[in-house]
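Q: I am new to this structure and would like to learn how to read it. Could we go through it feature by feature?

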Amino acid sequence: MKARFIKSFVIVVTLAASVACGQSISPAIQAKIDARVRDLAAWAADPAVVEAVRSHNAALPAEHAALNQDKWRALTVLDPIVRGFSKNNAALALKAKKDDAVAEIFLSDAAGLKVAFLAKTSNWSHKGKDKHDVPMTGKPWQGQVELDESTGQQQVQVAVPVLDGGKPIGSLVVGLSLAKLGA
Amino acid sequence: MHAATATIRVRILLFTILSVVATAVIAAGGGILLRRTHVESAALTSRISEDFRRSQAMFERIVTTQSVLQAMLRLKDIDEIEQALKRYESAVAEAVRSAAGVPGLKETLDATAVAGKSVLAELLLGNNAGALERYIAQFNPAVDRAIRALQTENQAIERAAQAEVVGREQTIRRLLVVCFAVVAGIILLYIVAAWYFQRSVSRPLSGVARRLSSAAESLNGLARTISASTSKVAEGANNQAASLEETGASLEEISGMTRRNAEGASRAKGIASQTRAAAESGTGDMGRMSSAMEAIKTSSDNIAKIIRTIDEIAFQTNILALNAAVEAARAGEAGMGFAVVAEEVRSLAQRSAQAARETGEKIADSIRKSDDGVAICGKVAVGLRDIVTRAREVDTLVGEIAAASAEQNQGVQQVVTAVGQIDRVTQANAASAEETAAATTEMMREFEVLRETVEQLWQLVGQGEKSGTSSAGSPRNELLDGPVEAAPSVQKPQAFVARRQGRSAPVAVHS
């Protein structure tokens, strides 16, 4: 009974957040987001990031090739495969650039499969989603303001393409905390 | 007196020891009671505090477990999740281990750990929302149950502590009653001992004070006697000095007389010697005068004889003249002239006879007188010899007198020396008398101190009124109460005074 009440409370809060997300971002925050996007372009140009995406595109590791969405969801964050994504060179390079405003980072190859991340993503592949497809067109992408259910904070995801010789070979998605970004 | 003092000392010592022991017993009893109470209270407090600390620690661990898990729900970084997971597992293990001795709590913590694992299962799958849902639905209630179990445990601890505090208060109350009774008993014993002590000390002290008063009285009498004796000694010394002065003057006169006597004796001796020599010379002259008188007598005898011869001649002449006258008468005229001559011759003869008779008478008288003179000379010689003898005796006596005068002069010198010694002795006696007077004065002061000390002693023994109201036979009599007279001033002898004033004494030693 109590669990049901709590679940209903979470849903109500989520809906309220969704309503809130519909609100426009203030120009000041947007300016900061734009600046972050420019920074992310530099992050995406990091050699370790480019090399990781290029290698992943060239030859998908067998353990990665065996994964699908269900298997991906069944893996815990402590699973060696998952830990491999957060401990490779690209992940380490991105973690070194990360600050408090960055809530999440994940790097995808051309097929939308994960190459590196700091936190386990919900989906194994983001192919077909704007946060991957738009950058793969060579353009940055900015999503709507969302409420992170676990943290209860508003965040906005932005994505930039990973370019190799001027051609998009992957995407770099970063979740920015509006609260930390506006501080 | 020493035994009484020793007894008092022993009593004071015993009373002090008793006081110290009583105080020590009270202090030790109080200290032991306080210590015991403190130790038990500290143990109780420590136990209660320990229980509450353990409860608080368990509460903190539960809250830590909850907060760590709640914080993990916000984490997405796998590295951070991994680190937080370690903290969570450590906190859970610590909470479960610390709850091992608390009945009811361990089960709730085990249930909390199971709920936490359920939350972690979702969280590790990356389903933070699901983990939050389980956290709210399962973990928080489990934590609530654990906290309630902990509260129950705290209430049990509090009740046990209250019960123990009540028990301790009752025990302390009983101990305080016993302690008060013991302290009251000790104080009562202390009062009795103090009363006995003051009684046992004041009585001997009263006796001592009484004896001291008597001794002080005697001492005062002795001091007065000594003072009177000192006065007499001083007066005697003064009189002695005066007598010495008179004696000195007399000795001076005697010395002059002796000296004059010695000189007179010496002159008398010379005169006696001259007298003896003159007497001896007179005796010689008398002998020679006796011889001369004898010669005169002899001459007178011879003259008498001659006178008688002359008388006889004159007689014969007269006869012859008569015969011639007769013859001239016969011769008539012729014989007339002759008769005249014969007459004349006969007148001459008669006159010669008359002169011879008168001369004879004179010579006889002279002889008689010479005899008388001889006799007188003899007597004078005898007298002179007697005078010589006497003169010799006088000479001897005068010599003896001179020697005696010299010895007397020497004796007078010795007497003067002795008088000088007597003078020094007198001075020494005067000084001694002065010192004795000073000592007497000091004794009077000491007596005053002794009197004040006795008074203090009376006050100490708490019988000041008794000492103040005492009369005859009591420690405070007129001798003690009266002002202490100063020692009579000693009249210093003149010799001593004169010597102190730098002039010679009247009985200066003759040199």
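Q: What is the order of the five strands in the open sheet of chain A?
A: A note before the sheet: this is a predicted model. A sheet is read across its strands, from one edge to the other. In chain A the order is β2-β1-β5-β4-β3, and the pairing is antiparallel.

Q: Which strands stand at the edges?
A: β2 and β3 (141-147) of chain A do; each has a single partner strand, so one side of each has no neighbour in the sheet. On average, neighbouring strands of this sheet are turned by 20 degrees against each other, if direction is ignored.

Q: How many bridges join β1(A) to β5, and how many join β1(A) to β2?
A: Pairing is read bridge by bridge. Strand β1 (residues 102-108) of chain A pairs with strand β5 (residues 167-177) over six bridges, in the antiparallel sense. With strand β2 (residues 114-117), β1(A) shares three bridges, and this pair also runs antiparallel. A:S108 can be followed to both sides: A:S171 stands opposite in β5(A), and A:K114 is the bridge partner in β2(A).

Q: How many bridges hold the pairing of β4 with β5(A)?
A: Strand β4 (residues 154-164) of chain A and β5(A) pair over 10 bridges, again in the antiparallel sense. One partnership here is that of A:A159 with A:V173 in β5(A).

Q: How many residues lie between the strands in the hairpin of β1(A) and β2(A)?
A: Five residues lie between them. The backbone angles of such a link can be checked too: A:G112 takes a positive phi near 85 degrees in this hairpin.

Q: Is β1(A) mostly covered or mostly open?
A: To judge a strand, count its buried residues. For β1(A) the count is seven of seven, so by the cut-off of 20 or more other C-beta atoms within 10 Å, the strand is mostly covered. As a general idea, side chains in a regular strand alternate between the two faces of the sheet.

Q: Which residues does A:L107 touch?
A: Leaving aside residues up to four places away in sequence, A:L107 touches A:V49, A:A52, A:V53, A:A90, A:L94, A:V115, A:A116, A:F117, A:G170 and A:L172. A:L107 is also among the residues with the most contacts inside the largest nonpolar core, which has 70 residues. The others named for this are A:V49, A:L94, A:A116, A:F117 and A:L172. Helix α4 (residues 128-330) of chain B gives the most to this core, with 10 residues.

Q: At what angle do the axes of α3(A) and α7(A) cross?
A: A helix pair is read from its distance, its angle and its handedness. The axes of helix α3 (residues 47-58) and helix α7 (residues 89-97) of chain A come within 8 Å and cross at roughly 150 degrees. The two helices are therefore roughly antiparallel, and the crossing is left-handed. In the interface, A:A48, A:V49 and A:A52 of α3(A) meet A:N89, A:A90, A:A93 and A:L94 of α7(A).

Q: How far apart are the axes of α2 and α3 in chain B?
A: The same reading applies. Helix α2 (residues 78-98) and helix α3 (residues 105-124) of chain B have axes 9 Å apart and pack at an angle of about 165 degrees. That makes α2(B) roughly antiparallel to α3(B), and their crossing is left-handed. B:Y88, B:V92, B:A95 and B:V96 in α2(B) meet B:K106, B:L109, B:D110, B:A113 and B:G116 in α3(B).

Q: Why does B:L150 count as buried?
A: Burial is judged by counting neighbours. B:L150, in helix α4 of chain B, has 22 C-beta neighbours inside 10 Å and so counts as buried. Beyond four places in sequence, B:L150 touches B:S55, B:M58, B:F59, B:I62 and B:L105. The C-alpha atoms of B:L150 and B:Q56 are separated by 8.9 Å, although these residues are 94 residues apart along the chain.

Q: How many helices and strands does each chain have?
A: Chain A has nine helices and five strands, while chain B has eight helices and zero strands. Of the 183 residues of chain A, 32% count as buried; of the 511 residues of chain B, 29% do.

Technical notes
Residues numbered from 1 in each chain as written. Chains lettered and ligands numbered in written order. Predicted model: local features only at pLDDT ≥ 70, side-chain atom pairs only at ≥ 80, totals over all residues. Core = buried A, V, L, I, M, F, W, Y, C linked by C-beta atoms within 7 Å. Buried ≥ 20, exposed ≤ 12 C-beta atoms within 10 Å, placed from the backbone. Helix = DSSP H or I, 4+ residues; strand = E, 2+ residues; numbered from the N terminus. Contact = placed C-beta atoms within 7 Å. Pairing = 2+ DSSP bridges. Axes fitted to C-alpha atoms, helices over the stretch in contact; angles between N-to-C directions. Parallel < 35°, antiparallel > 145°, perpendicular 65-115°, else oblique. Left-handed = near helix turned anticlockwise from the far one by under 90°.
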